[in-house]
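Here are some comments for a colleague who is opening this structure for the first time. Please read each point with the sequence and the 3D view side by side.

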Amino acid sequence: QVQLVESGGGLVQAGGSLRLSCAASGRTFSASVMGWFRQAPGKEREWLGSITENFGRTVYADSVKGRFTISRDYSKNTVYLQMNSLKPEDTAIYYCASSSGNGRYDYWGQGTQVTVSS
């Protein structure tokens, strides 16, 4: 199994920035793809982007492209989500998840709340 723990959420004003962290432990060699998601109240979970273990290739949803950046520190088994130019509509619980690369995310963190005030 893979254990994931997110941190870094909080309250920020519109236009501000936050960096979320996702620390992985356990069978991390099986986490070939790490993804970030969010879920706002009353809305479906939204995929934001992902990063591969090999070469650190990233891909993003159009809704956050250019504002959010995913990176990973292999030495710390940690993935980051840098969020810039935050908007009130970015308010949500943010989750990281791991996939073995089969298109399915098998392990999830507990989530961290991000609130953007206008």
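1. In this predicted model, four strands make up an open sheet whose order is β1-β3-β8-β7, and the pairing within the sheet is antiparallel. The edges are formed by β1, which covers 2-7, and by β7, which covers 68-73, and each of these two strands pairs on one side only. If direction is ignored, neighbouring strands of the sheet are turned against each other by 20 degrees on average.

2. Strand β8 deserves a separate look, and it is convenient to begin with its pairing to β7. Strand β8 spans residues 78-83, and six bridges hold β7 and β8 together in the antiparallel sense. Two positions help to trace this pairing on the screen: aspartate 73 has threonine 78 of β8 as its bridge partner, and isoleucine 70 has leucine 81 of β8 as its partner. The two strands form a hairpin with four residues between them, and in the turn asparagine 77 has a positive phi of about 50 degrees.

3. On the other pairing of β8, six bridges join this strand to β3, and the two run antiparallel. Leucine 18 is found opposite methionine 83 of β8, which gives the reader a place to start when following the pairing by eye. How many of the six residues of β8 are buried? Five of them are, so the strand is largely enclosed by the rest of the structure. A further contact of interest involves tyrosine 80, since arginine 19 lies over the face of its ring, at 4.1 Å from the ring centre.

4. The count of disulfides comes to one. This disulfide is formed by cysteine 22 and cysteine 96, whose sulfur atoms are 2.0 Å apart. The torsion about the S-S bond of this pair is about 65 degrees, and the disulfide is therefore right-handed. Because cysteine 22 belongs to strand β3 (residues 18-26) and cysteine 96 to strand β9 (residues 92-99), the pair ties together parts that are 74 residues apart in sequence. Both cysteine 22 and cysteine 96 are buried.

5. Turning to charged side chains, the structure holds five salt bridges. In one of them, glutamate 46 is paired with arginine 38, and the closest N and O atoms are 2.8 Å apart. Are these two partners buried or partly exposed? Glutamate 46 has a relative accessible area of 25% and is partly exposed, whereas arginine 38, at 8% relative accessibility, counts as buried, the cut-off for buried being under 20%.

6. Another salt bridge links aspartate 62 and lysine 65, with the closest N and O atoms 3.2 Å apart, and aspartate 62 is exposed, its relative accessible area being 67%. The side chains of arginine 104 and aspartate 106 also meet in a salt bridge, at 2.8 Å from N to O, and here aspartate 106 is partly exposed, with a relative accessible area of 33%. In addition, Arg38, Glu46, Arg67 and Asp90 are joined into one network by salt bridges that share partners.

7. The structure holds three aromatic pairs. One of them is the pair of phenylalanine 37 and tyrosine 105, which is edge-to-face, with 5.0 Å from centre to centre and 85 degrees between the planes. This pair links distant parts of the chain, since phenylalanine 37 sits in strand β4 (residues 33-39) and tyrosine 105 in strand β10 (residues 105-108), 68 residues apart. Phenylalanine 37 counts as buried, at 7% relative accessibility.

8. Phenylalanine 37 also pairs with tryptophan 108: the ring centres are 4.7 Å apart and the planes stand at 50 degrees, so this pair is tilted. Here too distant parts of the chain are linked, with phenylalanine 37 in strand β4 and tryptophan 108 in strand β10, 71 residues apart. Tryptophan 108 is partly exposed, with a relative accessible area of 29%. Taken together, Phe37, Tyr105 and Trp108 form one aromatic cluster. The ring of phenylalanine 37 has a charged neighbour as well, for arginine 45 lies over its face, at 5.7 Å from the ring centre.

Technical notes. Residues numbered from 1 in each chain as written. Predicted model: local features only at pLDDT ≥ 70, side-chain atom pairs only at ≥ 80, totals over all residues. Heavy atoms only, no water. Disulfide = S-S within 2.5 Å. Buried < 20%, exposed > 50% of the residue type's maximum accessible area, 1.4 Å probe, protein only. Pairing = 2+ DSSP bridges. Axes fitted to C-alpha atoms, helices over the stretch in contact; angles between N-to-C directions. Salt bridge = Lys/Arg side-chain N within 4 Å of Asp/Glu carboxyl O. Phe/Tyr/Trp six-rings, centres within 6.5 Å; stacked < 30°, edge-to-face > 60°. Lys NZ or Arg CZ within 6 Å of the ring centre and 35° of its normal.
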